[in-house]
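Reader: Hey, can you walk me through this one? I'd like the overall picture and then a few residues.

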Amino acid sequence: MITIALPKGALLKDSIALLQRVGLDFSAFLDSSNRQLQICDPSNRAKALLVRNGDVPVYVEYGQAQLGVVGYDVLKEKGAKVAHLLDLGYGYCRMSLAVKNSSPYRSSRDLPAHCRIASKFIHCAREYFHQVDLPVEIVPLYGSVELGPITGMSEAIVDLVATGTTLRENGLQEIEVLFESTARLIANPLSYRLNQDGLGHYIDQLRQEIALAAA
């Protein structure tokens, strides 16, 4: 029996729908009365763990799950040692640099050296500014990072953006996209290499479903 780590939140519904197309039903996770964090497919061929998006690669890396669905943004931030298998094509968002509407800065090149950038994506932000050769101070915030520029604590933020509504409602605007993100299928490297519990069969089925959806 394979184990799949599924993310709570925005990616869950589409992930369950995709797995249903290959014969695995974890729709019980969508029942608001359900409190279970681990359930089995009715056929008893697989089970799923319901975990925080950021914890998916951890469960997969350490082998508690053979497969997982996670946003590319989390993969970049965590740097987990997992096999990246498929771009699943849903859950689109982007990692962006944003400033106050009144800010004079319109690109990363305009930002002054050693300015403050607020973000919960510390690694992604640090890597980006290293690439553009701009020394900055990354201020770690794990709540509403939009308050960084609003309160004057930071000149800009690096954050995940889907529709941009939250930025607009708080008087901020995107000035640069660091990278785009979608849901990805990942695997434990050893399980994938050894094809444990017929893992390759499910991966091939999912690959076919994604190809059909893209056609």
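Author: Here is a short tour, from the whole chain down to single residues. This is a predicted model, where local features need pLDDT of at least 70, side-chain atom pairs count only at pLDDT 80 or more, and totals for chains, interfaces and linings use all residues. Residues are numbered from 1 along each chain as its sequence is written, and side-chain values use heavy atoms, with hydrogens and water left out.

Reader: Cool. How many helices and strands are in the chain?

Author: Eight helices and 11 strands. Those are DSSP runs numbered from the N terminus, with helices being H or I of at least four residues and strands E of at least two. The C-alpha atoms fill a box of roughly 60 × 35 × 35 Å along the principal axes.

Reader: And what share of the residues is buried?

Author: Of the 215 residues, 47% are buried. Buried means under 20% relative accessible area with a 1.4 Å probe, counting protein chains only.

Reader: What about contacts across the sequence?

Author: Taking contacts between residues at least 6 apart in sequence, 64% join residues at least 24 apart. A contact is heavy atoms within 4.5 Å.

Reader: Which residues touch the most other members of the largest nonpolar core?

Author: L6, F26, F29, L67 and L88, in a core of 31 residues. Elements giving two or more residues to this core include β1 (2-7), α1 (12-20), β4 (67-71) and α8 (199-214). The largest share, five residues, comes from α8. By nonpolar core I mean buried Ala, Val, Leu, Ile, Met, Phe, Trp, Tyr and Cys residues joined through side-chain atoms within 4.5 Å.

Reader: What does F29 touch?

Author: Setting aside residues up to four places away in sequence, its partners include L6, L12, I16, L37, I39 and L50, along with the polar N34, Q36 and Q38. There is also a second, separate core of 20 residues, with I117, V158, I175 and L178 among them.

Reader: Switching to polar stuff: why does S119 count as buried?

Author: Because its relative accessibility is 0%. S119 is in strand β7 (residues 116-119), and a polar atom of its side chain lies 2.7 Å from the backbone oxygen of V158. A polar contact here is a pair of N or O atoms within 3.5 Å; within protein, one must be able to donate a hydrogen and the other to accept it, and residues adjacent in sequence count only if both atoms are side-chain atoms. Beyond four places in sequence, S119 also touches A125, V139, P140, L141 and V145.

Reader: A125, ok. Which residues of α4 are buried?

Author: In α4 (residues 122-131), I122, C124, A125, Y128 and F129 are. Their cover includes α3 (72-78), β7, β8 (137-140) and β9 (156-161). Just after α4, D133 takes a positive phi of about 60°.

Reader: Where is Q66, and what does its side chain reach?

Author: Q66 sits in the loop between α2 (56-61) and β4, and its side chain reaches the backbone nitrogen of T3 at 2.7 Å. Q66 is buried, with a relative accessible area of 9%. Its contacts beyond four places in sequence include M1, V60, I186, N188 and L199.

Reader: Last one: is V69 in β4 buried or exposed?

Author: V69, in strand β4, is buried, at 4% relative accessibility. Outside four places in sequence, V69 is in contact with residues including A5, L6, V56, L88, Y90 and L185.

Terms used:
Buried < 20%, exposed > 50% of the residue type's maximum accessible area, 1.4 Å probe, protein only.
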